[in-house]
Amino acid sequence: MMNLKFAVITSIAALALLAGCKKQEAAGEDDGHGHAGHKHAKAVAAPQGADGATAQVPLSGAKCAAHQAPKELCFICDASLREKGRLWCEEHKRYEDRCFECHPELQDKNRLWCKEHSLYEDECSLCHPELKGKGKPAAASGAVLMCAEHGVPEAECAVCRPDAAAKLKPGESLKVRLPSTNSTAIVGVRTSAPERGAIADGIECVAEVSFNQNKLAQIAAPVSGIIQTVDADLGTKVEEKQTVAKIWSASIAEAVAKAVLSHQTLDRERKLRADRVTSQAALDEAEATHRAACQQLRTLGFTEEQIDEMGHKPQEQVLMEVRAPFAGEISERMAVRGALVEVGKPLFTLVDHATVWAMLQVPEGTLGRVKAGQAVELRVDSLPGKVFTGKLTWVSPAVDERTRMARARAEFANPDCLLKDKMFATARILTRKTEGAMLVPPSAIQHVEGRPFVFVKLAEDLFDARAVALGAKYNGRLEVLAGLKPEEQIAVTRAFALKSAMLMSRLGAGCADD
């Protein structure tokens with residue numbers, strides 16, 4: 001009996017306590033609506049941890065002067081406290097799904113409204129810190145906010161929210177609604193699908209054409225003397241071993257005289273030895289002297305036949321023949337008939353320009369992609385439309401400390417002699433070649449917030465401002481690596497007009513205006 005009585009008393013006390021709590025809650029709602037003398041809790045419910053427990057974040061007690069709310073919770077002043085992914089109305093300083101000036105159709109008349117913080121009273125965490133994280137915004141409940149002016153989802157309206165373009169990844173987009181269906185025709189926007197083709201990614205660098213140093217020679221005077229004849233002129237094409245000049249030299253005349261005399265002495269010694277008049281040692285000495293004299297002439301370029309002929313014609317003047325070391329063209333001439341020249345003085349410059357070099361200046365930041373053996377394309381301003389293809393043969397192991405460039409050398413065939421020494425050119429080192437790449441003209445690419453975009457046609461007055469990833473630029477086309485499908489129609493001319501429509505709100509025209 002006593003237990004029953006205790007249970008009844010306990011139940012009555014619990015009911016009274018529950019009624020008191022309900023009354024206090026109701027009183028709190030009424031007081032909170034006016035925001036006068038509002039009392040905030042001292043701790044905020046934080047997101048649950050891995051163990052399911054809810055952490056409590058202590059509040060400092062400091063108030064936001066503008067909104068009389070805990071500083072740790074005032075999302076109106078501190079953008080970092082706002083819910084991620086929830087749109088913010090900059091004009092009215094509130095969440096977009098609670099901005100009933102912009103979206104009056106969203107207002108629930110049956111819910112109490114916190115005028116001070118522009119939230120429903122039952123979700124205002126600034127008035128009721130214990131509600132932090134427990135609200136149910138319209139976006140979370142599945143409702144889609146629509147831009148009344150442009151007829152697209154508010155979160156995707158590029159005209160109203162162009163700043164959102166900076167956060168888009170390739171393939172993500174915003175929508176641009178034009179004033180009318182004939183807007184594109186008025187400004188001349190033309191659309192087409194991207195092209196498919198081969199593209200070669202490369203590194204652009206400046207270059208200078210030079211002669212192939214392995215096919216360049218200076219023909220110098222082998223001895224001091226007087227030039228008797230000049231047998232080649234500028235532009236003369238000569239064959240290997242062809243005579244280009246003749247020089248008379250006292251030293252050559254002396255060497256020839258020694259060779260002739262030693263030959264005569266050798267003949268005499270051979271006859272005396274045959275008659276057993278002289279010794280074998282004398283004959284051997286005569287042979288050695290003759291060989292030495294002939295070897296000196298061979299060093300100067302005379303052949304065995306010429307030496308024998310000079311022995312039979314000792315009275316004739318002997319001239320030193322200067323010959324070309326290989327087949328090529330005379331590009332410089334310093335030789336003049338009758339001039340006195342010293343040994344080693346250049347007489348001609350001979351070049352074989354069937355191949356030429358290009359000396360490239362490669363930026364330091366691209367050296368990791370450069371290696372010998374890669375194909376190189378060369379273009380010169382004086383030959384528009386002409387592309388020479390060669391191979392990279394050398395990359396310098398050092399970088400210039402001033403220009404931060406590394407020198408490299410490429411070799412090119414030059415059968416028509418179109419490439420000249422000292423020509424300035426533009427070189428492209430091909431680092432990657434792709435077949436079936438998606439290509440668009442440069443006019444189709446517009447940059448917004450520093451990112452490349454294309455405008456994909458969805459309707460006559462609606463375009464998708466699509467972020468894309470770009471690859472190589474080749475033959476007047478840009479490669480699109482990601483963000484676009486081959487069958488989609490994109491604006492290829494006057495795309496800047498669509499970009500202007502997208503950025504119109506920055507000039508004061510947008511859905512923020514009445």
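Which side chain meets that of K175 in a salt bridge? In this predicted model, the partner is D464, with an N to O distance of 3.8 Å. D464 belongs to strand β25 (residues 462–467) and K175 to strand β7 (residues 173–177), so this pair ties together parts of the chain that lie 289 residues apart in sequence. D464 has a relative accessibility of 7%, and because the limit for a buried residue is under 20%, D464 counts as buried.

A second salt bridge brings together the side chains of E204 and R428, here at 2.9 Å from N to O. This pair, too, links distant parts of the chain: E204 sits in strand β9 (residues 195–211) and R428 in strand β22 (residues 424–440), 224 residues apart. The two ends of the bridge can be described in turn. E204 is partly exposed, with a relative accessible area of 45%, whereas R428 is buried, at 5%. Salt bridges with shared partners also join E156, K175, D464, R466 and E488 into one network, so the contact between K175 and D464 described above can be read as part of that network.

A further salt bridge is found between R161 and E154, whose side chains meet at 3.5 Å, N to O. R161 is buried at 17% relative accessibility, and E154 is buried as well, with a relative accessible area of 4%. The salt bridges in the model number 17 by the rule applied here.

Attention now turns to the strands. One open sheet consists of four strands in the order β10-β17-β15-β12, with antiparallel pairing. Strands β10 (216–220) and β12 (237–238) stand at its edges; each has a single partner strand, so one side of each is left without a neighbour in the sheet. Within this sheet, β10 is joined to β17 by five bridges, and the two run antiparallel. A220 faces P346 of β17 in this arrangement. Strand β17 (residues 346–351) pairs with strand β15 (residues 328–333) through four bridges, again in the antiparallel sense. On this side, E329 stands opposite V351, and E332 has T349 of β17 as its bridge partner. Strand β17 is mostly covered, with five of its six residues buried.

Another open sheet, also of four strands, follows the order β14-β13-β11-β16 with antiparallel pairing. Its edges are held by β14 (320–323) and β16, and because each has a single partner strand, one side of each remains without a neighbour in the sheet. Strand β11 (residues 225–230) is joined to strand β16 (residues 340–341) by two bridges, the strands running antiparallel. Four bridges connect β11 with strand β13 (residues 243–248), likewise in the antiparallel sense. I226 illustrates how β11 is placed in the sheet: its bridge partner in β16 is L340, and its bridge partner in β13 is W248. Elsewhere in the pairing with β13, V230 stands opposite A245.

How values were computed: Residues are numbered from 1 along each chain as its sequence is written. This is a predicted model: local features need pLDDT of at least 70, side-chain atom pairs count only at pLDDT 80 or more; totals for chains, interfaces and linings use all residues. Side-chain values use heavy atoms; hydrogens and water are left out. Two strands pair if DSSP finds at least two bridges between them. Buried means under 20% relative accessible area, exposed over 50%, partly exposed in between (1.4 Å probe, protein chains only). A salt bridge is a side-chain nitrogen of Lys or Arg within 4 Å of a carboxyl oxygen of Asp or Glu.
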